[in-house]
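This report describes a model of two protein chains and two DNA strands for a reader new to structural analysis. Please keep the sequence and the structure in view while reading.

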Protein chains: 2
Amino acid sequence: MHDGGPSPAAQGRVIEAVGVAIASGELAPGSRLTLEGLQHEYGISRTVARDTMKVLESMNLVYSRRRVGIVVQEPSLWNVFDPNLVRWRLASDRRELQYSSLTELRIAVEPIAAAGAARRASAAERARLVSLAADLRRLGEAGDLQAFLAADIAFHQLLLRSCGNEMFRALEGMIAEVLTSRTRQGLMPFKPRSEALQAHEEVASAVAGGDTAAAEQAMQHILDEVREAMGLH
Amino acid sequence: MHDGGPSPAAQGRVIEAVGVAIASGELAPGSRLTLEGLQHEYGISRTVARDTMKVLESMNLVYSRRRVGIVVQEPSLWNVFDPNLVRWRLASDRRELQYSSLTELRIAVEPIAAAGAARRASAAERARLVSLAADLRRLGEAGDLQAFLAADIAFHQLLLRSCGNEMFRALEGMIAEVLTSRTRQGLMPFKPRSEALQAHEEVASAVAGGDTAAAEQAMQHILDEVREAMGLH
DNA sequence: CTTGACCAAAGATGCTATCTATTAGTGTCA
DNA sequence: TGACACTAATAGATAGCATCTTTGGTCAAG
């Protein structure tokens with residue numbers, strides 16, 4: 001640190017450090033920072049400290065006022081859809097809250113995304129979905145959890161990408177996080193249930209056939225399992 | 001402009017101007033800017049130009065590389081959930097795309113939010129929802145569109161706020177935008193349909209009674225009307 | 001003695017100006 | 001073709017003025 005020499009990528013380092021500290025609650029809402037304090041703590045110039053705070057301010061993690069300094073905002077005002085913030089929160093020890101928010105979001109969005117894909121996906125995307133559903137069955141029945149997870153993520157991401165809604169597409173990365181964590185935490189059955197495999201195939205074929213209602217309903221069926229696991233019947 | 005004197009709020013002015021230019025497509029993806037160009041164009045110092053670009057970079061609207069300058073990103077990489085970006089796009093002549101994305105998002109989220117509120121809202125929030133639903137009927141039957149819109153926004157915002165999902169809550173402002181625009185563009189019937197009024201009351205009473213399934217279904221009923229209007233049957 | 005109004009100083013950011021270091025694209029020359 | 005110098009641009013450091021707003025102190029009135 002403050003070794004005198006200009007360190008490259010200082011910017012990213014500081015944003016990351018302060019962002020993590022705020023997201024984890026280590027820097028509580030109402031805490032105050034000053035530019036000078038940051039300069040000393042991270043061995044950076046005023047320019048970099050300013051830039052950093054500007055970025056965090058645009059995420060609504062902090063606001064700055066003259067004579068006061070930089071103040072950490074209430075969590076309820078944060079831009080909770082910012083991918084960086086989501087990442088920081090998932091890395092903190094408060095990840096459970098973030099996971100359940102994301103899961104609920106997923107339950108809401110994916111059925112409508114499936115309907116959108118049935119209406120607007122390209123021919124190539126429809127074909128790829130069908131092929132991925134077949135992969136899922138094969139890998140699921142073989143019990144290859146690792147490969148199954150990869151195909152599952154690919155399936156759900158492709159759906160979000162091909163549904164024609166740019167906002168849904170932006171959730172791709174977050175949904176992948178949720179799926180990964182679900183497997184990692186052993187919330188997935190060792191062998192995917194046969195009903196789930198069938199529901200994936202139904203989504204794929206409904207999308208391929210342009211049947212919006214069927215796609216939506218089949219996706220809802222997939223997510224019923226998730227609702228059950230979260231206690232949201 | 002470049003009158004020499006330091007103008008306060010220079011930062012916000014420049015972010016706004018460049019953000020709008022990018023969001024509207026006036027600055028096409030791949031366009032290049034330089035810090036020096038911005039300094040001259042807006043009469044600001046290098047530091048402010050830097051800050052501005054850092055903020056836009058954190059929204060993924062641009063990226064900057066040495067020797068090249070600041071390059072406008074592909075729209076598919078933008079942080080489309082950033083409230084500022086949403087605002088800029090709604091102000092541009094491409095607002096239709098943004099509205100339909102938001103409406104589809106609303107269709108996805110609100111039923112789950114209603115279920116969440118039925119499970120987790122506070123007593124005060126439940127009571128307020130019931131009261132708002134009554135207001136809606138009164139104002140709707142009286143044909144006071146202006147006051148009806150205000151109550152409608154209050155109803156849907158309260159639902160998002162009380163559903164216990166921080167990510168849903170963050171959508172409050174955007175949903176309000178959608179509702180406002182729906183009325184402004186005359187997509188609302190002059191007198192709200194009686195079915196819609198009843199459905200709002202059903203949502204409120206289901207939330208009040210903690211009946212998650214009924215709340216979700218009643219909200220879906222409200223949104224069916226919206227789906228119909230968008231051609232998403 | 002307490003309370004309130006006023007005023008001045010201090011502490012912080014906002015912005016400007018200018019400098020060095022670093023990187024990467026470009027063109028030239030063998 | 002390949003090596004190498006040139007150069008344009010950002011990354012970062014530093015210094016200083018302008019501006020705002022909080023804080024604390026003084027003084028007068030009750």
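The text below treats the single chain, the pairing of the chains, the surfaces near DNA, and one helix.

The model is predicted, so to speak of a local feature requires pLDDT of at least 70, side-chain atom pairs count only at pLDDT 80 or more, and totals for chains, interfaces and linings use all residues. Residues are numbered from 1 along each chain as its sequence is written, while chains are lettered from A and ligands numbered from 1 in the order in which they are written.

**Chain A**

The secondary structure of chain A consists of 11 helices and 3 strands; helices (H or I, at least four residues) and strands (E, at least two) are DSSP runs, numbered from the N terminus. Their order from the N terminus is α-β-α-α-β-β-α-α-α-α-α-α-α-α. The C-alpha trace of chain A spans about 60 × 35 × 35 Å along its principal axes. Of its 233 residues, 42% count as buried. A residue is buried if 20 or more other C-beta atoms lie within 10 Å of its own, exposed if 12 or fewer, and partly exposed in between, with C-beta atoms placed from the backbone. Among the contacts in chain A with a separation of 6 or more, 65% join residues 24 or more positions apart; two residues are in contact if their C-beta atoms, placed from the backbone, lie within 7 Å.

**The two chains together**

How many residues does each chain bring to the contact? Chain A supplies 23 residues and chain B supplies 23 residues. On the side of chain A that touches chain B, α3 (46–58), α5 (95–120) and α8 (166–169) each provide at least two residues, and α5(A) gives the most, with 8 residues.

A turn of 180 degrees and a shift of 0.0 Å along the axis lay chain A on chain B with an RMSD of 0.1 Å. This is the relation of a two-fold axis. The same surface serves both copies, since 100% of the contact residues of chain A recur in chain B. Copies are superposed by least squares on the C-alpha atoms of residues with pLDDT of at least 70 in both.

**Surfaces near DNA**

A residue is near a strand if its C-beta atom, placed from the backbone, lies within 6 Å of it. Of the 23 residues around DNA strand C, those that come nearest are Thr34(A), Leu35(A), Arg67(A), Ser45(B) and Thr47(B). Around DNA strand D there are 23 residues, of which Gln11(A), Ser45(A), Arg67(A), Thr34(B) and Leu35(B) come nearest. The largest share of the surface near DNA strand D, 3 residues, comes from α3(A), whereas α3(B) gives the most to the surface near DNA strand C, with 3 residues.

The table lists the residue classes: Ala, Val, Leu, Ile, Met, Phe, Trp, Tyr, Cys and Pro count as nonpolar, Asp, Glu, Lys and Arg as charged, and the others, Gly among them, as polar.

| Surface | Nonpolar | Polar | Charged |
|---|---|---|---|
| Side of chain A that touches chain B | 11 residues | 6 residues | 6 residues |
| Near DNA strand C | 10 residues | 6 residues | 7 residues |
| Near DNA strand D | 11 residues | 6 residues | 6 residues |

**Helix α9 of chain B**

In α9(B), Met174(B), Ile175(B) and Val178(B) are buried. The buried residues of α9(B) fall within an arc of 100 degrees seen down its axis, so they line one face of the helix; the arc is that of the directions from the helix axis to the C-beta atoms. These buried residues pack against α4 (83–91), α5 (95–120) and α7 (145–162) of chain B. The face turned away from the buried side of α9(B) carries the exposed residues Gly173(B) and Arg184(B).
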